[in-house]
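User: I am new to reading protein structures. Please take me through this one step by step.

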Amino acid sequence: ATPMSVMVGVGKAAEVGVLIRNGEALQMASKITTMVLDKTGTITEGSPTVTDVIITNDKLTKQQILTAAASIESGSEHPLAQAIVKSTAEQGIEPEEVTDFEAITGHGVQAILNGQKLLFGNEKLMLENNVALKGFVDQAQRLADEAKTPMYLAIDNELAAIIAVSDPIKEDSIAAIERLQKNGIRVIMLTGDNRATAKAVAKKVGISEVFAEVLPEDKSNKVAELQAQGEIVGMTGDGINDAPALALANVGFAIGTGTDVAIESADITLMRGSLHGLADGIAVSKATLSNIK
Ligand code: ADP
Ligand code: MG
């Protein structure tokens with residue numbers, strides 16, 4: 001394409017809220033064969049709310065459990081932590097000060113509260129700390145099958161509760177994903193969340209290929225694997241943990257409401273947050289390449 005036609009294309013895309021950083025990205029977009037989509041904050045709103053609190057140790061009150069959860073999550077910036085902090089605040093729960101706070105990437109958080117060790121996170125975090133899950137894995141599985149994310153709370157390595165959150169799917173994600181598939185693009189979901197939750201969300205939005213329980217540092221490896229198979233990969237994400245994958249992809253798309261790191265690592269920014277920007281950007285790219293050679 002001529003420099004003039006690229007400029008026109010970049011302008012056309014901007015009109016529909018798709019900000020293209022350079023002409024190279026505009027031209028590459030039409031060649032994408034596989035689109036990898038992050039789940040949380042990309043397909044979903046990224047603002048989960050608490051839906052279920054299951055107490056698994058009846059010596060504890062709901063008040064004690066929610067206080068422990070609020071206290072440990074006060075130190076985390078994860079969207080799951082924000083859901084806990086907001087929901088407990090609405091119920092008048094006051095977080096207490098924890099010490100020795102530590103975020104364990106892809107697993108959860110740990111800290112000390114009133115001399116007790118708190119662990120809050122996924123099944124892997126519990127298993128690595130030898131917390132017995134007893135008969136409660138089935139309950140977590142049931143929540144995950146409902147597309148919710150279950151988290152386990154352990155106090156002094158004893159299971160205390162399961163708290164689940166649900167993150168609504170953006171209203172136009174289903175239609176936007178269908179548009180990509182109608183363009184012949186293979187669509188894959190990529191997430192750190194557990195497999196059952198990821199599969200349930202994927203089913204709702206019409207995605208059949210899912211990479212779940214992927215640690216942040218492994219997200220870009222998945223992009224590399226697809227490229228090694230000969231795919232031209234588009235990657236769409238919003239989080240800090242998506243940044244390396246966005247940078248490595250043939251075309252990286254950041255959600256405009258996402259983190260600055262994601263936006264800086266991407267070639268294209270979807271200012272409206274909607275995944276329709278993907279098919280819109282690809283359409284402009286195709287028009288640019290076909291009109292003026
Ligand atoms: P993603 O952002 O794609 O969900 P992460 O790698 O950030 O992936 O997290 C993976 C999983 O680790 C989460 O689904 C959750 O189960 C657990 N986890 C991570 N951070 C927290 C946290 N602050 N509180 C509770 N659980 C967490
Ligand atoms: Mg995300």
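What follows is a set of questions and answers on the domains, the ligand, the main sheet and one helix residue.

User: What kind of model is this, and how are residues numbered?

Analyst: This is a predicted model, in which local features need pLDDT of at least 70 and side-chain atom pairs count only at pLDDT 80 or more, while totals for chains, interfaces and linings use all residues. Chains are lettered from A and ligands numbered from 1 in the order in which they are written, and residues are numbered along each chain as its sequence is written, from 1.

User: Which domains does the chain have, and what separation is there between the centres of domain 1 and domain 2?

Analyst: The assignment gives domain 1 (3-45 + 169-291) and domain 2 (49-166); such bounds come from an automatic or database domain assignment. Taken over C-alpha atoms, the separation of their centres is 32 Å.

User: Which element gives the most to the side of domain 1 that touches domain 2?

Analyst: The contact (C-beta atoms, placed from the backbone, within 7 Å) takes twelve residues from domain 1 and eleven residues from domain 2. On the side of domain 1, the elements that give two or more residues are α3 and α9 (195-205). Helices are DSSP runs of H or I with at least four residues, strands are runs of E with at least two, and both are numbered from the N terminus. With five residues, the element that gives the most is α9.

User: Where does ligand 1 lie with respect to the two domains?

Analyst: The shell around ligand 1 holds 22 residues, the closest being Ser76, His78, Gly108, Asn122 and Gly192; a residue is near if its C-beta atom, placed from the backbone, lies within 6 Å. Elements giving two or more residues to this shell are α3 (39-43), α5 (79-90), β5 (108-113), β6 (116-121) and β7 (149-155). Domain 1 and domain 2 both give residues to the shell, so ligand 1 lies between them.

User: Which strands are at the edges of the seven-stranded sheet?

Analyst: Strands pair if DSSP finds at least two bridges between them. The sheet is open, with mixed pairing and the order β1-β13-β12-β11-β2-β9-β10. An edge strand pairs on one side only, and here the edge strands are β1 (18-20) and β10 (209-211).

User: In which sense does β1 run against β13, parallel or antiparallel?

Analyst: Three bridges join β1 to β13 (residues 268-270). Within this pair, Val18 stands opposite Leu270. The two strands run antiparallel.

User: Which residue in β11 is the bridge partner of Leu37?

Analyst: Leu37 is one of the residues of β2, and it is buried. β2 is joined to β9 by five bridges in a parallel run, and to β11 by four bridges, also in the parallel sense. In β11, the partner of Leu37 is Thr236.

User: How many of the five residues of β2 are buried?

Analyst: A residue is buried if 20 or more other C-beta atoms lie within 10 Å of its own, exposed if 12 or fewer, and partly exposed in between, with C-beta atoms placed from the backbone. On one side of β2, Thr34, Val36 and Asp38 are buried, and on the other Met35 and Leu37 are. The number buried is five of five.

User: How does Lys86 count: buried, exposed or partly exposed?

Analyst: Lys86 sits in helix α5. Its C-alpha is 8.6 Å from that of Ala70, although the two are 16 residues apart in sequence. Because Lys86 has 15 C-beta neighbours inside 10 Å, it counts as partly exposed.

Notes. Two residues are in contact if their C-beta atoms, placed from the backbone, lie within 7 Å.
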